[in-house]
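The following exercises concern charged side chains, enclosed spaces and distances within one protein chain. Each task is followed by a solution in steps.

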Amino acid sequence: MSDTPKHVTYEDAGVDTAEGGRAVDAIKQMVAETNRPEVIGGIGGFGGLFSAAALKDMEDPILISGTDGVGTKLVLAQILDRHETVGQDLVAMCVNDILASGAEPLFFLDYIAIGHIEADHMAKIVKGVADGCKLAGCALVGGEMAEHPGVMRPDDYDMAGFTVGVVDRPKMLDPANVRPGDAIIGLPSSGVHSNGYSLVRRVIGVDGIVPGTPEADAKRAELEQPLEELAGRSLADALLEPTRIYVKPILELLRGGVTVHAIAHITGGGITENLNRALAHDVDAVVERDGEQMGWDMPPVISYISRQAGLTPAEACKTFNMGVGLMIICPAEEEAGVIAALEAMGERPFHVGTCVEGTGKVVYTDER
């Protein structure tokens with residue numbers, strides 16, 4: 001016979017529906033601030049509503065979707081008890097991906113699983129998502145906060161995001177258009193972004209540390225100390241710098257009439273395993289590198305982690321973005337115009353490399 005009591009409430013089982021309701025109330029205003037004219041209603045229904053009427057003005061509207069998470073960067077955020085920016089990472093990983101096709105992100109949804117919901121804590125997390133949506137110009141039309149008692153620690157959480165965007169088929173970017181002689185232009189990353197954190201955590205010694213413990217407090221104090229190698233920044237600040245969102249400058253660039261053949265979002269797998277996704281099958285990308293030195297300035301935190309891990313240049317370029325969050329491939333004769341247009345927007349573009357005949361690979365100047 002089971003000794004389970006005859007009367008057990010949902011709250012007895014560890015799910016606080018009242019606190020969940022307070023959490024929804026706490027985020028309503030920040031969600032509303034992301035609205036676009038196409039949004040119908042607000043959060044709280046069984047689905048997010050978004051008008052597609054404007055798509056009728058396109059010749060052949062193509063919907064593009066993307067989904068991703070933040071990954072193990074969340075572990076570091078929990079140890080450091082800093083939760084306001086990881087939501088921007090979540091949005092960035094999704095919208096930057098669909099931007100590679102030339103798509104404008106329309107709306108975003110998130111899913112947050114947490115051991116125990118506390119309204120104030122959830123508001124901090126969702127603030128980052130809302131901030132990211134505003135930077136991307138997309139609406140946060142809904143999401144889910146799921147309490148998982150007994151499965152996750154009370155302060156543990158994970159996040160996933162989903163976005164839908166649109167591009168008119170005649171304007172869609174296609175790697176098949178990339179040709180030998182094309183120029184490759186980079187836009188700076190803000191740091192490590194949201195990839196490689198399983199290695200980062202091993203290097204900085206946070207593996208196995210449980211947030212909220214004295215060990216976590218000691219590690220947090222250590223990581224918050226300024227380092228000369230990081231130009232006076234702390235590892236805590238540098239490693240939790242949120243992923244850049246490139247949507248607005250890239251969409252403005254594409255609408256400005258310049259010719260862009262392809263775009264690569266440099267995420268997990270670094271330059272080596274992302275730039276190749278923007279190449280035609282008979283083209284290689286030759287990226288400027290001389291040993292540990294790339295052909296542009298890298299954020300000090302990436303150099304620091306790479307040195308501490310003892311990575312070879314090949315390993316580093318297959319792990320981190322090396323200071324380039326997004327790459328633009330355009331005809332060589334358009335390079336100066338693309339750079340000038342981006343600089344006029346306040347961006348800091350730089351030359352990354354050149355396309356040559358090949359088989360769809362990324363190679364480096366010091367390997368040729």
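The model is predicted, and every value below is computed from it.

**Exercise 1. A buried acid**

Task: Determine where D168 is placed, and which backbone nitrogens the side chain of D168 reaches.

Solution.
Step 1. D168 belongs to strand β6, which covers residues 157-168.
Step 2. D168 is buried and has no salt bridge. The nearest side chain of opposite charge is that of K171, at 5.2 Å. A salt bridge requires a side-chain nitrogen of Lys or Arg within 4 Å of a carboxyl oxygen of Asp or Glu, so K171 at 5.2 Å does not qualify as a partner of D168.
Step 3. Backbone atoms are considered next. The side chain of D168 reaches the backbone nitrogen of D60 at 2.7 Å, and that of E59 at 3.0 Å.

**Exercise 2. Salt bridges between distant parts of the chain**

Task: State how many salt bridges the whole structure contains, and locate the partners of K134, D237 and R255 in the pairs treated here.

Solution.
Step 1. Side chains of opposite charge can pair when their charged atoms come close. A search of the whole structure yields 21 salt bridges.
Step 2. One of these joins K134 to E33, with an N to O distance of 3.3 Å. K134 lies in helix α4 (residues 119-136), whereas E33 lies in the loop between α1 (17-32) and β1 (39-40); the pair is 101 residues apart and links distant parts of the chain. K134 counts as partly exposed because its relative accessibility is 34%, and E33 is likewise classed as partly exposed, at 43%.
Step 3. D237 pairs with R82, and their closest N and O atoms are 2.6 Å apart. This pair also links distant parts of the chain: D237 is in helix α7 (residues 235-239), R82 is in the loop between α2 (73-80) and α3 (86-99), and 155 residues separate them. The relative accessible area is 34% for D237 and 24% for R82, so D237 is partly exposed, and R82 is partly exposed.
Step 4. R255 forms a salt bridge with E104, the closest N and O atoms lying 3.4 Å apart. Helix α8 (residues 247-255) holds R255 and strand β4 (residues 104-114) holds E104; the two are 151 residues apart, and the pair links distant parts of the chain. R255 is exposed, with 60% relative accessibility, while E104 is partly exposed, with a relative accessible area of 22%.
Step 5. Shared partners join salt bridges into one network of E33, K127, D131 and K134. The pair of Step 2, K134 and E33, therefore belongs to this network.

**Exercise 3. A cavity and a pocket**

Task: Give the volume and the lining of the largest cavity and of the second largest pocket.

Solution.
Step 1. One cavity of 30 Å³ or more is counted. The largest cavity has a volume of about 30 Å³.
Step 2. The lining of the largest cavity consists of V192, N195, I266, T267, T319, F320 and N321. These residues divide into three nonpolar and four polar, with no charged residue.
Step 3. The second largest pocket has a volume of about 390 Å³. It is lined by 16 residues, of which G102, V167, K171, L254 and R255 are the closest to its centre. The elements that contribute two or more residues to this lining are β6 and α8.
Step 4. The lining of the second largest pocket comprises 10 nonpolar, two polar and four charged residues.
Step 5. Two of the residues named in this pocket appeared earlier: K171 and R255 line it. K171 carries the side chain of opposite charge nearest to D168, and R255 is the salt-bridge partner of E104.

**Exercise 4. Two buried residues and their distances**

Task: Are G323 and D284 buried or exposed, and how many ångströms separate G323 from V151 and D284 from L235?

Solution.
Step 1. G323 is placed in the loop between α10 (313-317) and β12 (324-330). Its relative accessible area is 2%, so G323 is buried.
Step 2. The C-alpha atoms of G323 and V151 are 37 Å apart, with their positions 172 residues apart along the chain.
Step 3. D284 is found in strand β9 (residues 283-287). D284 counts as buried because its relative accessibility is 8%.
Step 4. From C-alpha to C-alpha, D284 and L235 are 36 Å apart in space, and 49 residues apart in sequence.

Terms used: Residues numbered from 1 in each chain as written. Predicted model: local features only at pLDDT ≥ 70, side-chain atom pairs only at ≥ 80, totals over all residues. Heavy atoms only, no water. 1 Å grid on protein atoms, 1.4 Å probe; cavity = no way out; pocket = protein on both sides within 12 Å on 5 of 7 lines; lining within 4 Å. Points joined across faces, edges and corners; volume = space filled by probe spheres on them. Nonpolar A, V, L, I, M, F, W, Y, C, P; charged D, E, K, R; others polar. Helix = DSSP H or I, 4+ residues; strand = E, 2+ residues; numbered from the N terminus. Buried < 20%, exposed > 50% of the residue type's maximum accessible area, 1.4 Å probe, protein only. Lys, Arg positive; Asp, Glu negative; His and termini not counted. Polar contact = N/O pair within 3.5 Å; in protein donor to acceptor, adjacent residues only side chain to side chain.
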